[in-house]
Amino acid sequence: MGISVSNINKRFGSFTALDNVSLDFPTGELVALLGPSGCGKTTLLRIIAGLEHADGGDVFLEGVDASGLHVRERAVGFVFQHYALFRHMTVFDNVAFGLRVKHRDLRPSEAEIHRKVKDLLKLVQLDWLADRYPSQLSGGQRQRIALARALAVEPKVLLLDEPFGALDAKVRKELRRWLRQLHDELHITSIFVTHDQEEALEVADRVVLMDHGKIEQIGTPDEVYDHPASPFVYGFLGSVNLFHGRVDGQALRVGEHALELEAHDLAHDASAIGYARPHEVQLLVDDGEGQCGLPAQVLRITSSGALATVELQRDEGHGNGETGGRVEVTVFRDYLRQLGVQEGDRVRLKPQRVRVFPAEAVAPLLAA
């Protein structure tokens with residue numbers, strides 16, 4: 001089932017949760033609503049489900065206006081962050097609940113319910129826990145049971161609100177991979193809310209970036225990460241280094257140094273801020289002969305597996321308003337060993353890919 005929302009507005013008192021939001025969710029896609037707390041993503045999900053009513057705008061399910069339909073009539077399955085399982089029911093009875101409370105005319109026979117629940121528990125790989133109670137399960141197991149319960153009523157749309165937010169990092173990663181595999185098997189139109197950038201980029205077919213009740217960007221994980229449409233998107237999707245300077249043709253003049261820029265349309269000498277991710281900055285040994293690159297000093301080196309993160313302090317500027325600052329560089333540990341760089345050493349930084357934005361567009365984000 002395809003979903004569309006058109007010109008959705010929602011306020012809570014003086015707070016605007018959603019500001020004229022319009023979106024299409026194509027049939028069979030797994031879409032992530034991604035953004036910081038309070039950006040409106042959960043409110044939008046609840047409006048699609050019928051758990052919340054919009055102040056204005058429409059919700060269409062398969063081309064039919066569903067704005068006035070009760071949640072029971074929308075054929076959606078909802079999975080909450082904190083499972084919402086019935087503690088006094090076994091795993092089997094939790095999954096069977098939605099089927100047993102259907103109207104008498106639509107309710108399957110008990111034999112059909114038993115078969116379907118067993119099939120669903122096999123699907124989520126937990127059929128061996130059918131007689132357990134929620135208190136006897138791990139957090140990851142509870143969340144899979146919650147998903148099985150949502151699937152039991154054969155929803156046309158699956159909505160997940162921070163489904164893995166209450167779990168530890170290792171379990172979260174395992175369930176993300178599992179959810180993606182399950183979606184590839186079932187092809188149910190699915191929307192999940194998350195504030196975890198890695199989760200959205202790893203699991204979703206498309207990502208919708210939201211901030212302050214508005215849509216900042218929509219695209220595939222590669223599109224939004226490689227080609228962020230705004231400083232907010234760039235900064236929200238992972239770590240980023242900022243370089244303050246002035247535009248000089250296809251370069252950003254940072255003190256006495258020029259950083260090569262990607263294509264841009266800013267005016268010459270415009271005040272601007274360059275963005276570069278940690279893996280896009282090359283680390284060079286400072287040989288004292290004034291080679292290219294920004295001078296900096298290594299403050300701290302931390303390792304994680306094959307990679308090392310190097311935290312540095314750039315030198316102060318040279319009287320033109322550039323003030324230096326902290327920079328983070330990610331390199332392979334083997335490369336760092338080859339350089340022989342240690343904490344306290346002087347080095348040079350050479351950003352390989354710099355995207356530039358007007359300083360006035362970035363200032364509100366830096367002040368927040």
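**View 1. Val 208 faces Ile 218 across the β9 and β10 pair.**
Val 208 has Ile 218 of β10 opposite it, and Met 210 stands opposite Ile 215 of β10. This is a predicted model, in which local features need pLDDT of at least 70 and side-chain atom pairs count only at pLDDT 80 or more, while totals for chains, interfaces and linings use all residues. Residues are numbered from 1 along each chain as its sequence is written, and side-chain values use heavy atoms, with hydrogens and water left out. Five bridges hold β9 and strand β10 (residues 214-219) in an antiparallel pairing (strands pair if DSSP finds at least two bridges between them). With two residues between them, β9 and β10 make a hairpin, and His 212 in its turn has a positive phi of about 50°.

**View 2. Strand β9 is covered on both faces.**
Six of the six residues of strand β9 (residues 206-211) are buried (buried is under 20% relative accessible area, exposed over 50%, partly exposed in between, with a 1.4 Å probe and protein chains only). On one side lie Arg 206, Val 208 and Met 210, and on the other Val 207, Leu 209 and Asp 211, all of them buried. Strands here are DSSP E runs of at least two residues, and helices H or I runs of at least four, numbered from the N terminus.

**View 3. Leu 33 of β3 has partners in two strands.**
Look at Leu 33 with β9 and β8 in the frame: Leu 33 stands opposite Val 208 in β9, while its bridge partner in β8 is Val 193. Strand β3 (residues 30-34) runs parallel to β9, joined by four bridges. β3 also pairs in the parallel sense with strand β8 (residues 189-194), this time over five bridges.

**View 4. Six strands build an open, mixed sheet.**
Step back from Leu 33 and the strand order reads β6-β7-β8-β3-β9-β10, with mixed pairing in an open sheet of six strands. β6 (76-79) and β10 each have a single partner strand, so these edge strands are left with one side lacking a neighbour in the sheet. From one strand to the next, the twist averages 15°. Helix α4 packs on this sheet, touching β6 and β7 (157-161), and its direction makes about 165° with that of β6 (axes are lines fitted to C-alpha atoms, for helices over the stretch in contact, and angles run from 0 to 180 degrees between N-to-C directions).

**View 5. Helix α2 is largely enclosed.**
Helix α2 (residues 91-100) has seven of its 10 residues buried, so the rest of the structure largely encloses it. Those buried residues are Val 91, Phe 92, Asn 94, Val 95, Ala 96, Gly 98 and Leu 99. They pack against α3 (110-123) and α4 (139-152) (contact means heavy atoms within 4.5 Å).

**View 6. Lys 41 is buried in α1 without a salt bridge.**
Lys 41 belongs to helix α1 (residues 41-49), a mostly covered helix with seven of its nine residues buried. Among the other buried residues of α1 are Thr 43, Leu 44, Leu 45 and Ile 47. Though buried, Lys 41 makes no salt bridge, and Glu 162, the nearest side chain of opposite charge, is 4.5 Å away (a salt bridge is a side-chain nitrogen of Lys or Arg within 4 Å of a carboxyl oxygen of Asp or Glu). Instead, look for the backbone oxygens: the Lys 41 side chain reaches that of Gly 35 at 2.9 Å and that of Pro 36 at 3.0 Å. Residues touched by Lys 41 include Leu 33, Val 193 and Met 210, as well as Thr 194 and His 195. Just after α1 comes Gly 50, with a positive phi near 90°.

**View 7. Asn 7 and Asn 20 have positive phi values.**
Most residues other than glycine have a negative phi. Asn 7, in strand β1 (residues 3-12), has a positive phi near 55°. For Asn 20, in strand β2 (residues 15-25), phi is positive too, near 55°. Asn 7 is partly exposed, with a relative accessible area of 36%, and Asn 20 is partly exposed at 43%.

Key. Lys, Arg positive; Asp, Glu negative; His and termini not counted. Polar contact = N/O pair within 3.5 Å; in protein donor to acceptor, adjacent residues only side chain to side chain. Lists of a residue's contacts leave out its neighbours within four places in sequence.
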